[in-house]
Amino acid sequence: MKALFGLLVLSMGIAHAADMTVLRYVDQDPGGPPYPTRILVTPDFMRMDSGEDAGDFTLLDRHRRLVINVSRDSKLAMVFAPGRLPPKPARWNARLAEGKAERGGRRFTLSVKGVVCNEGIAVRHAMDAARAMAEQKSILAATQYRVWKDSPPGMQNDCDLANQVWNAGDTLSLGLPIEEREFTGRSRTFESESRLPVDPGLFRVPEGMAQINAPS
């Protein structure tokens, strides 16, 4: 881990304006196998994919405030724009708490009504990447709220509202997550960070794809 954070510090000294930040994580959904997630960040865009340049990806256009899900097999690009959220409930009491210092960062918990919805470790590093992740969550918040509202009552959980709607970017304000676990059991573990020259082709919707506006 010391070597890992040595790489993080080194990368700060050699960064150039035409570089992009490359973050690699290992994600795991409940009951499923681990899988890689690559996040590419520039001042204009953020791309999330499995590490394959020619695979499916999610693109955040930071200036136009759009999130675009690209599916190559279906030749479809689904475009999400910010939507309107209803007022936050008057008695909404989500709480973000910082804990002890650990692994170069600080532990955090996001909880609602005493239930821990999200916990992990955040480091004050690559803050623009953390901001981009929060921007994407903000754009998708109205869509996430609609999904929650349309779910059967037994499947509606306040933690979903905390993690994806009302407090979607709170934990990211603390820094880059290097370890994260949600109440569902979904987890994310930081693997590496580097800087590479920007490849503009990675931040474009492939030609010939139908672009459909998703309900917002």
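**A walk through the sheet, its helices and the pocket**

Let me start with one pair of residues: Arg-38 has its bridge partner in strand S3, and that partner is Asp-49. Arg-38 and Asp-49 come from a pairing of strand S2, residues 35-41, with strand S3, residues 45-49, which is antiparallel and runs over four bridges. Before I go on, please keep in mind that this is a predicted model.

Now let's step back to the whole sheet. It is open, it has twelve strands, and its pairing is mixed. Reading across, the order is S7-S8-S9-S10-S11-S1-S2-S3-S4-S5-S6-S12. Which strands stand at the edges? They are S7 (95-102) and S12 (210-213); each has a single partner strand, so one side of each is left without a neighbour in the sheet. From one strand to the next, the twist averages 20 degrees.

What packs on this sheet? Helix H2, residues 127-150, does, and it touches S1 (19-28), S2, S3, S4 (57-61), S5 (66-71), S6 (76-80), S9 (115-123) and S10 (176-182). The direction of H2 makes about 95 degrees with that of S4. Helix H3, residues 158-166, lies across S8 (105-112), S9 and S10, and runs at about 30 degrees to S9.

The two helices also meet each other. H2 and H3 pack at an angle of about 145 degrees, and their axes are 8 Å apart. On the H2 side you'll find Lys-137, Ala-141, Gln-144, Tyr-145 and Trp-148; facing them from H3 are Asp-160, Leu-161, Asn-163, Gln-164, Val-165 and Trp-166. Sorted by class, that contact has six nonpolar, three polar and two charged residues.

Some of these names come back in the largest pocket. How big is its volume? About 680 Å³. Its lining counts 26 residues, and the ones nearest the centre are Met-48, Lys-137, Gln-164, Arg-186 and Arg-188. If you want to follow the walls, S2, S3, H2, H3, S10 and S11 (187-197) each supply at least two lining residues. H2 gives the most, with five. As for character, the lining has nine nonpolar, eight polar and nine charged residues.

Over to the edge of the sheet at S7. S7 and S8 pair in the antiparallel sense over six bridges, and within that pairing Ala-97 has Thr-109 of S8 as its bridge partner. The two strands form a hairpin with two residues between them, and Arg-103 in the turn has a positive phi of about 55 degrees.

Next, the aromatic rings. The count comes to four aromatic pairs. One of them is Phe-45 with Phe-203: the ring centres are 5.8 Å apart and the planes are at 20 degrees, so the pair is stacked. Where do these two sit in the chain? Phe-45 is in S3 and Phe-203 is in the loop between S11 and S12, 158 residues apart, so to speak a link between distant parts of the chain.

Let me finish in that loop. Val-205 is also found between S11 and S12. Its C-alpha atom and that of Ile-68 are separated by 8.3 Å, although these positions lie 137 residues apart along the chain. Leaving aside neighbours within four places in sequence, the contacts of Val-205 are Ile-68, Val-70, Ala-77 and Gln-211.

Thanks, everyone, and I'm happy to go back to any of these spots.

Technical notes:
Residues numbered from 1 in each chain as written. Predicted model: local features only at pLDDT ≥ 70, side-chain atom pairs only at ≥ 80, totals over all residues. Heavy atoms only, no water. Pairing = 2+ DSSP bridges. Axes fitted to C-alpha atoms, helices over the stretch in contact; angles between N-to-C directions. Contact = heavy atoms within 4.5 Å. Nonpolar A, V, L, I, M, F, W, Y, C, P; charged D, E, K, R; others polar. 1 Å grid on protein atoms, 1.4 Å probe; cavity = no way out; pocket = protein on both sides within 12 Å on 5 of 7 lines; lining within 4 Å. Points joined across faces, edges and corners; volume = space filled by probe spheres on them. Phe/Tyr/Trp six-rings, centres within 6.5 Å; stacked < 30°, edge-to-face > 60°.
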